[in-house]
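Reader: I should like to learn how to read a model of two protein chains, feature by feature. Where should one begin?

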Amino acid sequence: MLENKIVTAITKIRTGIPGFDEISNGGLPQNRTTLVAGSAGSAKTLFACEFLSRGISEFDQPGVFVTFEEPPEDIRTNMKSFDWDIQAWEAQGKWLFVDASPHFADDSVTIVGRYDLAALLARIEHAIEKIGARRVSLDSLGAIFSRFQDSTLIRGELFRIATALKNRGVTTVMTAERNAEYGPIARYGVEEFVTDNVVILRNVLEEEKRRRTVEILKFRGAYHQKGEYPLTIQPGSGLTAIPLSSIQLKQRSSNVRISSGVAEINEMCGGGFFRDSVILVSGATGTGKTLIVTHFLNGGVTSGERCLVFAFEESREQLFRNASGWGVDFAKLERDGNLKVVCFYPEVMGLEDHLVHMRSAIEEFKPNRVAIDSLSALERVATPRGFREFVIGLTSFIKHQEIAGLFTATTPTLLGGTSVTEAHISTITDSIILLRYVEMDGQMRRGMTVLKMRGSRHDKNIREFTIDADGMHVGDPFHNINGILAGNPVPSPTPNDLPTA
Amino acid sequence: MAPCVLRLYLTGRTPRSEQALVNVRRLVSEFAIDPHELEVIDILEQPGLAEQENLLATPTLVKAIPPPVRRVIGDLSDIHAVAEALGLHTSSSPGEEDAHAGK
């Protein structure tokens with residue numbers, strides 16, 4: 001008798017791996033097998049484990065882990081560092097190992113005649129039934145190829161296993177080795193039998209820095225985001241993918257103004273910064289960027305807002321001393337609970353890790369304002385591409401929270417100039433304030449201008465400002481001087497000069 | 001002499017399973033493995049035993065006793081190779097296949 005088969009679109013199940021479900025437009029194709037291929041150290045086993053552990057902890061879906069390489073005991077121990085208590089899940093009947101790791105010395109096993117892997121399939125199916133598993137991970141296929149010599153036979157058997165798992169309604173992850181980061185999908189032609197869905201994990205050495213990425217090569221019949229995305233490993237939580245291009249510009253735009261903390265700057269900006277805007281302050285070392293940050297934070301706390309600052313150039317002590325030199329008591333503000341100062345040396349971790357840390361700090365503290373001093377310090381620890389991704393990822397995140405962000409960027413030259421930071425960020429910031437040294441009459445004086453103020457009129461003058469124990473004081477525009485921004489101020493000819501000149 | 005204990009793990013009653021069973025019987029008779037115990041285990045019926053034995057492939061023949069434990073994977077088509085792998089060489093020279101035929 002013929003049955004009416006209803007053809008439905010492919011549904012997906014969320015992996016629970018942060019960021020991955022965005023890149024994959026909803027997770028892995030349900031009831032199918034996805035090949036996760038990667039070179040040594042690309043976090044394949046972690047992916048396979050996290051697929052199960054998130055399934056258990058977030059979706060209450062039991063999982064079977066088939067290990068061909070590491071003994072279960074090692075996996076239990078290794079995954080402890082991510083706070084996944086596999087042993088407890090095993091006791092609750094949520095996690096079951098099928099131990100296919102090598103147990104016997106090679107010389108105690110001989111192959112005579114034809115065989116198949118029906119025993120393995122029977123064990124996996126038995127395990128699935130035993131705990132009602134919805135997810136299965138097989139890690140990693142290369143180990144089984146090296147144990148049985150006949151790769152054609154093994155490929156055929158793995159295909160049989162993939163088909164059987166599909167019919168059982170479980171979603172499967174199989175991991176496989178790659179020899180090179182950019183080359184054939186996997187060793188032993190593994191992709192030939194699970195061609196439907198392929199995810200590639202990379203651990204690329206780029207300018208002496210390791211950079212992890214994840215790429216969805218294909219999902220047959222389903223949409224996903226294209227290209228490589230940064231991937232990080234966080235102790236205590238596992239993998240985090242950072243979806244950049246999938247970040248949508250859907251945040252609302254506010255007309256509410258907030259104080260910069262300096263009355264004159266508010267005036268120059270046409271009444272203050274917008275509440276949900278990103279402001280870039282650019283200037284050479286010592287021009288007063290950290291001072292603007294201090295005013296910005298103090299202004300926020302004074303009007304009852306919560307403020308968070310990430311400092312990458314100075315220690316807490318330095319930062320607090322600076323602030324008190326300008327009449328702001330950071331220690332007290334922090335004690336009162338409306339300010340949080342986070343200091344890191346940029347070198348302590350990679351940029352992707354910084355991004356993940358900063359995002360979680362923002363989510364935790366829920367500030368109204370975030371300041372970063374300085375973005376340029378972070379540039380040191382990244383490749384140009386990594387830095388660009390970081391800035392875009394961070395800016396989108398901050399805009400998404402609908403909070404104000406103030407970033408500083410250091411220009412490499414004392415006079416004039418732009419920084420790489422500016423080049424990466426200028427189009428996605430709402431406002432840009434330039435601080436410049438102005439050499440006049442044998443003196444270094446300071447000038448400030450609002451270069452850009454999206455959605456508002458603003459002062460076009462370059463104004464002189466001074467710094468004293470009360471902080472910043474903005475004065476009159478420089479008159480009769482040209483070329484300040486270019487770095488070579490020259491007196492412009494005045495009407496008085498003309499006749500006599 | 002302690003009996004030689006052999007376990008043959010199969011997955012269902014497939015032609016390959018039957019072939020392995022025939023071959024293991026030929027093995028014990030031709031090599032005069034006596035006394036012996038032959039356990040035949042269908043892992044579709046007892047998957048737990050496959051788990052215990054860490055089996056991946058079938059058919060698998062395990063020589064549990066006397067030590068050392070040896071395993072042979074496959075339908076055992078070449079019983080001389082099997083005997084060698086199991087370390088079951090006897091003084092009687094193998095090859096006289098008719099001697100115990102029909103057992």
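Author: The turns below take up the chains, the interface between them, and some individual residues. Please keep in mind throughout that this is a predicted model.

Reader: How many helices and strands does chain B have, and in what order do the elements of chain B run?

Author: One starts by listing the elements along the chain. Chain B has three helices and four strands, and from the N terminus they follow the order β-α-β-α-β-β-α. Of the 103 residues in chain B, 47% are buried. Among contacts in chain B with a separation of 6 or more, 68% are between residues 24 or more positions apart.

Reader: What are the corresponding values for chain A, in helices and strands and in buried residues?

Author: Chain A contains 16 helices and 25 strands. Buried residues account for 56% of its 501 residues. For chain A, too, contacts between residues at least 6 apart in sequence can be sorted by separation, and 68% of them join residues at least 24 apart.

Reader: Let us turn to the interface. How many residues of chain B are in contact with chain A, and what area do the two chains bury between them?

Author: An interface may be described by the residues that touch and by the area that is buried. Here 28 residues of chain B contact 26 residues of chain A. The two chains bury about 2200 Å² between them, with 57% of that area on carbon and sulfur atoms. Three residues, B:L56, B:R71 and B:I73, supply 34% of the area that chain B buries against chain A, more than any other three residues.

Reader: How many salt bridges and how many residue pairs in polar contact are counted between the chains?

Author: These are two separate counts. There are two salt bridges between chain B and chain A. One salt bridge is formed by B:E51 and A:R123, whose closest N and O atoms are 3.0 Å apart. The count of residue pairs in polar contact between the chains, both residues at pLDDT 80 or more, is 13.

Reader: Which elements of chain B each supply at least two residues of the side that touches chain A?

Author: Such a side can be divided by element and by class of residue. The elements are α2 (47-53), β4 (70-73) and α3 (79-86) of chain B, each with at least two residues there. Of the elements, α2(B) gives the most, with five residues. By class, the side of chain B that touches chain A has 15 nonpolar, six polar and seven charged residues.

Reader: In what sense do β6 of chain A and β4(B) pair, parallel or antiparallel?

Author: For strands from two chains, one asks for the sense of pairing and the number of bridges. Strand β6 (residues 109-111) of chain A pairs with β4(B) in the parallel sense, over three bridges. In this arrangement A:I111 stands opposite B:I73 in β4(B). B:I73 was also named above, among the three residues of chain B that supply 34% of its area buried against chain A.

Reader: Is A:R369 buried or exposed, and what does its side chain reach?

Author: For an arginine, one should check both its accessibility and its surroundings. A:R369 lies in strand β18 (residues 369-373) of chain A and is buried, because its relative accessible area is 0%, under the 20% cut-off. Its side chain reaches the backbone oxygen of A:F296 at 2.6 Å. Leaving aside residues up to four places away in sequence, A:R369 touches several residues, among them A:F296, A:E305, A:R306 and A:A404.

Reader: Where in chain B are there cis peptide bonds?

Author: Here one looks at the omega angle. One cis peptide bond joins B:T58 and B:P59, with omega about -5°, and B:P59 lies in the loop between α2 and β3 (60-65) of chain B. Another cis peptide bond joins B:I65 and B:P66, again with omega about -5°. B:P66 is in the loop between β3 and β4 of chain B.

Reader: What is phi of A:N31, and what is phi of A:D60?

Author: The sign of phi is the point to read here. A:N31 is not a glycine, yet its phi is positive, near 65°; the residue is in the loop between β2 (28-29) and β3 (33-38) of chain A. At 29% relative accessibility, A:N31 is partly exposed. A:D60, also not a glycine, has a positive phi of about 55° and lies in the loop between α2 (44-59) and β4 (63-67) of chain A. A:D60 counts as partly exposed, at 49% relative accessibility.

Methods
Residues are numbered from 1 along each chain as its sequence is written. Chains are lettered from A and ligands numbered from 1 in the order in which they are written. This is a predicted model: local features need pLDDT of at least 70, side-chain atom pairs count only at pLDDT 80 or more; totals for chains, interfaces and linings use all residues. Side-chain values use heavy atoms; hydrogens and water are left out. Contact means heavy atoms within 4.5 Å. Buried area is the accessible area (1.4 Å probe) that two parts lose on being put together, summed over both. A salt bridge is a side-chain nitrogen of Lys or Arg within 4 Å of a carboxyl oxygen of Asp or Glu. A polar contact is a pair of N or O atoms within 3.5 Å; within protein, one must be able to donate a hydrogen and the other to accept it, and residues adjacent in sequence count only if both atoms are side-chain atoms. Ala, Val, Leu, Ile, Met, Phe, Trp, Tyr, Cys and Pro count as nonpolar, Asp, Glu, Lys and Arg as charged, and the others, Gly among them, as polar. Two strands pair if DSSP finds at least two bridges between them. Buried means under 20% relative accessible area, exposed over 50%, partly exposed in between (1.4 Å probe, protein chains only).
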